[in-house]
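Welcome, and thanks for joining this tour. Keep your viewer open and your selection tool ready, and we will go from stop to stop together.

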Amino acid sequence: MVLLTPFDIDPSRIATLPANVFTRLRNDLIAAEAARVGLPQACLDDTVRETVPDGGIDARIRDPSENPPSTWGDWLPAGASAWQYKSGACPSAKVLADEEFTKPEVQASVGRGE
């Protein structure tokens with residue numbers, strides 16, 4: 001018998017989530033981690049726009065200070081970052097490079113060093 005704690009996640013259940021619910025779940029996890037490590041919630045842009053093209057970005061973390069720490073815990077990188085999620089089958093690295101990394105918001109984020 002396998003006992004699950006409240007924090008165990010069954011991957012088969014995650015795989016059944018619709019894309020918009022998966023995105024909201026991921027953004028909620030980022031917000032929870034930000035709160036845990038003291039990153040101001042005002043630094044998170046996790047607005048979910050399921051029906052509006054997002055240019056390839058699902059969430060963004062803005063740098064809150066002139067002198068950020070070297071890391072925000074184990075999961076969030078220091079400084080600004082942009083996040084993109086894939087539900088279902090993830091494309092190959094080549095497809096990601098050829099398609100996803102050419103989206104305008106992804107290009108802008110890379111240009112800003114996120």
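**First stop: the cavity**

The largest cavity holds about 40 Å³ of space. Keep in mind as you look that this is a predicted model. How many cavities of 30 Å³ or more does the structure hold? The count is 1.

To find the place, select Asn-27, Ile-30, Leu-44, Asp-45, Asp-46, Ala-59, Arg-60, Ile-61 and Trp-83, which line the largest cavity. Now colour this selection by class: the lining has 5 nonpolar, 1 polar and 3 charged residues.

Which elements supply at least two residues each to this lining? They are α2, β1 (44-45) and β2. Of the elements, β2 gives the most, with 3 residues of the lining.

**Second stop: the whole chain**

Zoom out and switch to a cartoon view. The protein chain has 4 helices and 5 strands, and reading along the sequence you meet them in the pattern α-α-β-β-β-β-β-α-α. Of its 114 residues, 24% count as buried.

If your viewer can draw contacts, set it to show pairs at least 6 residues apart in sequence; among these contacts, 51% join residues at least 24 apart.

Next, colour by confidence. The mean pLDDT of the chain is 78, and 79% of its residues reach 70 or more. Where is confidence lowest, and where is it highest? The lowest mean, 73, belongs to strand β3 (residues 71-72), while β1 has the highest, at 89.

**Third stop: the nonpolar core**

Hide the cartoon for a moment and bring up side chains. The largest nonpolar core has 13 residues, and you can start with those that have the most contacts inside it: Ile-30, Leu-39, Leu-44, Ile-61, Leu-76, Trp-83 and Tyr-85. Two elements give two or more residues to this core, α2 (19-37) and β2 (59-61). The largest share, 4 residues, comes from α2. As background, nonpolar side chains in soluble globular proteins tend to be buried together.

Centre on Leu-39 and show what surrounds it. Beyond its neighbours within four places in sequence, Leu-39 is in contact with Ala-34, Leu-44, Ile-61, Pro-64, Trp-72 and Leu-76.

**Fourth stop: Phe-22**

Go back to helix α2 and select Phe-22 there. Is Phe-22 buried or exposed? Phe-22 counts as buried because its relative accessible area is 13%, under the 20% cut-off. Add Lys-86 to the selection and draw a distance between the two C-alpha atoms: they are separated by 8.6 Å, although the residues are 64 apart along the chain.

**Fifth stop: Pro-77**

Now move to strand β4 (residues 76-77), where you will find Pro-77. With a relative accessibility of 36%, Pro-77 counts as partly exposed. Which residues is Pro-77 in contact with, once its neighbours within four places in sequence are left aside? Select Trp-72 and Trp-83 to see them.

Then draw another C-alpha distance, from Pro-77 to Glu-114: the separation is 9.5 Å, for residues 37 apart along the chain.

**Last stop: Leu-96**

Finish in helix α3 (residues 93-98) by selecting Leu-96. Leu-96 has a relative accessibility of 18% and so counts as buried, the cut-off being 20%. Show its surroundings, leaving aside neighbours within four places in sequence, and you will see Leu-96 in contact with Lys-86, Cys-90, Pro-91 and Phe-101. Lys-86 is a residue you have already selected, as the partner of Phe-22 in the C-alpha distance of 8.6 Å.

Definitions and conventions. Residues numbered from 1 in each chain as written. Predicted model: local features only at pLDDT ≥ 70, side-chain atom pairs only at ≥ 80, totals over all residues. Heavy atoms only, no water. Core = buried A, V, L, I, M, F, W, Y, C linked by side-chain atoms within 4.5 Å. Buried < 20%, exposed > 50% of the residue type's maximum accessible area, 1.4 Å probe, protein only. Contact = heavy atoms within 4.5 Å. 1 Å grid on protein atoms, 1.4 Å probe; cavity = no way out; pocket = protein on both sides within 12 Å on 5 of 7 lines; lining within 4 Å. Points joined across faces, edges and corners; volume = space filled by probe spheres on them. Nonpolar A, V, L, I, M, F, W, Y, C, P; charged D, E, K, R; others polar. pLDDT = per-residue confidence, 0-100.
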